[in-house]
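Student: I have a protein open in front of me and would like to go through it step by step. Could you help me read it?

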Amino acid sequence: MTTEAFRGQDQEHARQPTLSYAMEEDIDVTSHTEGLNGLSRECKPLEEITNGHSNHKPVMNGLIISHNVKDHTNGNAPLRSLPISALKQNGLLQTLAAGGDQPKPADTEENVELEKARQEWEALENVQPALTEDSNPTLIISFNEALQYFQTTDLGDLLKNIQPTIRRTGLAAITHFLFGPPRLHRELLEERDLVFAIAQCHVDNSQTVHMRVLQTIYKRLIGSRLDCPRYGPHWENIGFQGTDPATDLRGTGFLGLMHTLYFVMDPETLPLARDIYKLSQHPTQNFPFSVMSINMTRIALQVLREEALSKECNRRQQVVGVLNEFYVATYLHLYQLWKTQQKTIADSGFVLKEVELFAKKNPKQMLRRLEVFLKERRAGGIPRGMSPDPQAQQPSPSLGERGARAGTGQGSKGKEMHFTGVCDLPPDMEGEARLI
C-alpha cells in the first residue's frame, strides 16, 4: 500500500465520528487504524448496537477479540476501551443482551405455563361450590315451626321436673298472695309449663329440628347461605364459649336457642340483633353474643317464674309471645347500657346484675321501651335512649364498677364468662343471679 493511500485513509478516519458517538446515533461505522507494529486492525460495522442484538465481533489481524484479550501497542500500551460487541462475550452481558426480544425456547415454555396458571387462577373466581345431593344446605326454620315441633313432642318426662313458680311458705306466701302480682289464668298454665319444659330440653344431634335451629341462628347472624359443621371454633364467632353450643345452654336448655331464633327470624327485631352482634365484635367493647343472649333468657325465665309477667300474659292471653318480647326488651336494655356507657367485658357482672334487678322491678316498662324503640326505628329515626356517637355520653361507673376496673383493668375478648342459670339453682338460691 502506497504512502498516499495511507494518508488518504488517515484523512478519511479523521472525518469519521468516534465509536461512542456512533453508538448513540445508531449508525454504521467502519474504521481502520494502523498499529505501530505495521499491522492493521479492523472493527466491523456496528449494527443495531442500541437494541443489544449485534452479531458482529471485533477482529484484530483476523482473530476475534474475546473479553479477556488485551490489545497492546508496541507490546506494552493497553487499549483504552473495547467495543460493546467485545464486552458482549462476557457471560452476564451476553445474558442481558439477549433481552426479551429473542426469547429462548425454555423461556417461551415457561411463559406458556405462567399464562395457563393465570387463566386457571382467574377461573377460580367463577367457581361455585358444588353441592351434592348429600350436602344441600339445611333449610332455615322459623320460630313458629320450631315451637310447633315442641308442642307436638311428648315432653312428659321433662314436665315432671319443672318448677314454674317460686315455692313460698309462711309469711312470704301470705304476703305474696295479698300484695303480689296476679296469678296466671288457668288456661295459660299449659303454655307456661311448655316454656319451662323446653328450658329442660337438651340439644339432640339426631333431631333435625334441633340442627336446623342451630344452622339458622348461625346463618342469620353471619349472613352465610352454607351450613357450618356441628362442632368447631366457628361457633365462637357468634359468641359461644367453645366448639359445642350445647355446653353453654345450662340453665336455659333449648329455650336459650329458641329465643335467639326468635330474635334473628323476626323481621322487626333482626336489625337490632345484628346491631348487638356488631357491638359484640367491637375491639374494646366486645362480649360473647350468644352467651349474653342465654343470660337474657335466664333473666326472662326468672321474671316469669316470679309471676312478674303474669299480668301482661293475662292481658294478651299468651305466654310465649310475651316472654319472647321480654327477652328482646331485656337484651335491648343491656345493649343500650353497654354501648352508651362504654362498658367492657370487665363490667359484665355488674351490668347483668343491674339489668336483672331493673327487669324484675319494671317488666311493664321494659316492654314499653321495646315497643317505642321498634316504633321509632320503623319511622327511620334514632330510637330514644340510643346515642349516635358512643363518645357523646361518658360512662358513670358505680363504686363497685370502679373497684372492678382498678382490680382487673380492661377485659379481653378471650376472657371466659360462666353463668349459672335459674334451672341450676336450688330453691333457696332462686331469685339471685350468680356468676361463677
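Tutor: We will go from the whole protein to some of its side-chain pairs.

Student: Before that, what kind of model is this, and how are residues numbered?

Tutor: This is a predicted model, in which local features need pLDDT of at least 70 and side-chain atom pairs count only at pLDDT 80 or more, while totals for chains, interfaces and linings use all residues. Residues are numbered from 1 along each chain as its sequence is written, and side-chain values use heavy atoms, with hydrogens and water left out.

Student: OK, how many helices and strands are there?

Tutor: The protein has 18 helices and 6 strands, where helices (H or I, at least four residues) and strands (E, at least two) are DSSP runs numbered from the N terminus.

Student: And what share of the residues is buried?

Tutor: Of the 436 residues in the protein, 40% are buried; buried means under 20% relative accessible area, exposed means over 50%, and partly exposed is in between, with a 1.4 Å probe and protein chains only. The accessible surface comes to about 25,300 Å², and 53% of that belongs to carbon and sulfur atoms; such areas come from the Shrake-Rupley method with a 1.4 Å probe, and for residues only the protein chains shown count as cover.

Student: Switching to rings, how many aromatic pairs does a search find?

Tutor: A search of the whole structure finds 11 aromatic pairs. Rings of Phe, Tyr and Trp (its six-membered ring) pair if their centres lie within 6.5 Å, and planes under 30 degrees apart count as stacked, over 60 as edge-to-face and the rest as tilted. One of the pairs is Tyr277 with Phe289, which is edge-to-face, at 5.8 Å centre to centre and with 85° between the planes.

Student: Where do Tyr277 and Phe289 sit?

Tutor: Tyr277 is in helix 12 (residues 270-280) and Phe289 is in helix 13 (residues 289-305), 12 residues apart, and the pair links distant parts of the chain. Both Tyr277 and Phe289 are buried.

Student: Why is the pair of Tyr327 and Tyr331 called edge-to-face?

Tutor: The ring centres of Tyr327 and Tyr331 are 6.3 Å apart and the planes are at 65°, so this pair is edge-to-face. Both residues lie in helix 15 (residues 320-340), 4 residues apart, which is about one turn of the helix, and both are buried.

Student: Which residues form one aromatic cluster?

Tutor: Phe263, Tyr277, Phe289, Tyr327 and Tyr331 form one aromatic cluster, and that takes in the residues of both pairs we have just discussed.

Student: New topic: how many salt bridges does the structure hold?

Tutor: The structure holds 14 salt bridges, a salt bridge being a side-chain nitrogen of Lys or Arg within 4 Å of a carboxyl oxygen of Asp or Glu. Glu268 forms one of them with Arg378, and their closest N and O atoms are 2.3 Å apart. Glu268 lies in the loop between helix 11 (255-265) and helix 12, and Arg378 in helix 17 (residues 363-378), so the pair ties together parts that are 110 residues apart in sequence.

Student: Is Arg378 buried or exposed?

Tutor: Arg378 counts as exposed, at 53% relative accessibility, whereas Glu268 counts as partly exposed, at 38%.

Student: What about Lys360 and Glu356, where do they lie?

Tutor: Lys360 and Glu356 both lie in helix 16 (residues 348-361), 4 residues apart, or about one turn of the helix, and their side chains meet in a salt bridge of 3.1 Å, N to O. Lys360 counts as buried at 16% relative accessibility, and Glu356 is buried too, with a relative accessible area of 2%. Salt bridges that share partners join these two with Arg298 and Glu306 into one network.

Student: Last one: which side chains meet that of Arg316?

Tutor: The side chain of Glu325 meets that of Arg316 in a salt bridge (3.0 Å, N to O), and a polar contact of 2.9 Å joins the side chains of Glu312 and Arg316. A polar contact is a pair of N or O atoms within 3.5 Å; within protein, one must be able to donate a hydrogen and the other to accept it, and residues adjacent in sequence count only if both atoms are side-chain atoms. Arg316 is partly exposed, with a relative accessible area of 26%, while Glu312, in helix 14 (residues 310-316), is buried at 14%.
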